[in-house]
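Thanks for making the time this morning. I would like to take you through two kinds of packing in one chain, beginning with a pair of helices and then moving out to the domains.

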Amino acid sequence: MGERAPKAAIEGWYTLEAQPHLLGSRCRRCGTYYFPPLKSFCRNPACEGSEFEEVRLSRTGRIWSYTNACYQPPAPYVSPEPFVPFAIAAVELETERMIVLGQVVQGVEVAQLRIGMPMELVLERLYTEGGEERVVWKWKPLEPAT
Amino acid sequence: MSAEVAILGVGMHPWGKWGRNFVDYGVHAARAALKDAGVGWQDVQFVSGAATMRCGYPGYIAGATFAQALGWQGAEVNTSYAACASGSQALAAARTKILSGGCELALVVGADTTPKGFLAPAAGYRPDDPDWVRFRLGITNPSYFAFYARRRMELFGATVEDFTAVKVKNAAHGATNPNARYRKLFTREEVLASAMVADPLRLLHVCATSDGGAAVVLASQDYARRHSTRAPRIAGLSTVTPRFASQEVEMPDIATDSAAAVAGHSFRASIAARAYEEASIGPDELSLAEVYDLASSTELDWYEYLGLCAPGQAEGLLRSGATRIGGRIPVNTSGGLACFGEAVPAQALAQVCELVWQLRGQAGERQVAGAKVGISANQGLFGHGSAVIVKR
């Protein structure tokens, strides 16, 4: 038996491959991307589209800004005991022209980040519940952290 | 018909963490505002309440709650909820009612009782609610404030010392404000020694949540002329929403709109632009501004959104001393959120109260000499924002 496939903390928003992608949607009429995926009505005020294709969003982008969480967030955040601070990045995807927020992988601190730094999407544990690990997308520096 | 309405009176219940029912704060503020206006409660024809989401059903129908608490007298009621802009939307509803001829005298009230710490969303597994999603990921309000602070640092050369200087300035402004919750003259050293919350922002850079209440009595120009000779007027009131594709990284969303198919827009600068246009007033005519310093760094962004300086120049404006009382354009003379903490439905009204006291020359030690025109600006989650221009 191999390792069990990871389980998603939020189902249907990202693939669970080794090189994961966020699963967005794209309006078939105007081409606007959405994340989280939108499947009902396009939000472009000039577009009446209501059909969407599922798209894998770019799995790399550049940091628009970053910070960290030094205090334990309240529920529904599920914290390890004790709480471990984590960095957070807002990453701009070039093709989709959108900024997607996410935690930065454990072990990377604010001092190692800077605006414009290339990042890639990975999966990492968000929390463990009932002995089961739940993974979420996180951002990881593409180049060795300095 | 004039598009202006008069502010006959204002009142507040001091901000704090009093732990009482929000209705008490609202009624206290309402009675103070009615007394200030010199009108009786039974003369009020329209009660416009700003809702609170944390105090159960009475909070959802705040207009009726305040009307009942003041004593049912048959007035029409309205309740507005617009996150941090709730107070301004309640004000806008009352203004519209007056300008449409639906009433002559209106009372606007907002009050809140807040829990300790973070304001958190409803529980469960609710990925359709972006507010739930970002808390699930551990991305809280200060994270969003910090994103913008960090951009100021890397793009415009802001320093943590600048953010600290905003806090120290506002603390000095609010030190003598009887309605402020924090009236301590914080020093640079104390701010820098406070715990890191969201790098680069420390605890004393980020605003708290507070209990408080504020009320405004609005009247038609005709009514005001019969009752007062010195009532300031609302010359502009903006409650615009963003334009798609909004490029703001804003609570509670975990992603911006995509600008792949249509051009991106900046929301925050558009908020004040509408108020300026309506009032036919420009930033150079302002005597003071009350802005939403959810974090000390956010105040610097507002200097630019309000057109007090060009983008990237806010640090220079701050360092020049222009935004202190006594400077060219004092900002947050009340002490701002730094001294008040945020009582969501009351906060935008509290900003208007400060403008009114300043324009009437009643701001005591924090008085801006010869104040003639003031603007308030705020912004909240889910695409809300507001700006109010008051002139004498």
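**Helix packing and domain contact in chain B**

Helix α6(B) passes α11(B) in a left-handed crossing, and I should say at once that what you see is a predicted model. For those following along in the sequence, α6 of chain B covers residues 141-156 and α11 of chain B covers residues 296-305, and the two pack at an angle of about 65° with their axes 9 Å apart.

Which residues make this contact? From α6(B) they are F145(B), Y148(B), A149(B) and R152(B), while α11(B) supplies S297(B), T298(B), L300(B) and D301(B). By character, the residues of this contact divide into 4 nonpolar, 2 polar and 2 charged.

Let me now turn to the domains. Chain B is divided into domain 1, made of 5-117 together with 211-233, and domain 2, made of 130-204 together with 235-391. The C-alpha centres of these two domains of chain B lie 23 Å apart, and across the boundary 35 residues of domain 1 are in contact with 34 residues of domain 2.

On the domain 1 side, the elements of chain B that give two or more residues are β1 (5-16), α4 (86-99), β4 (105-112) and β7 (211-219). Of these, α4(B) gives the most to the side that touches domain 2, with 7 residues. Taken as a whole, the residues on that side of domain 1 of chain B divide into 20 nonpolar, 10 polar and 5 charged.

Conventions:
Residues are numbered from 1 along each chain as its sequence is written. Chains are lettered from A and ligands numbered from 1 in the order in which they are written. This is a predicted model: local features need pLDDT of at least 70, side-chain atom pairs count only at pLDDT 80 or more; totals for chains, interfaces and linings use all residues. Axes are lines fitted to C-alpha atoms, for helices over the stretch in contact, and angles run from 0 to 180 degrees between N-to-C directions. Helices (H or I, at least four residues) and strands (E, at least two) are DSSP runs, numbered from the N terminus. A crossing is left-handed if the near helix is turned anticlockwise from the far one by less than a right angle, and right-handed if clockwise. Two residues are in contact if their C-beta atoms, placed from the backbone, lie within 7 Å. Ala, Val, Leu, Ile, Met, Phe, Trp, Tyr, Cys and Pro count as nonpolar, Asp, Glu, Lys and Arg as charged, and the others, Gly among them, as polar. Domain bounds come from an automatic or database domain assignment.
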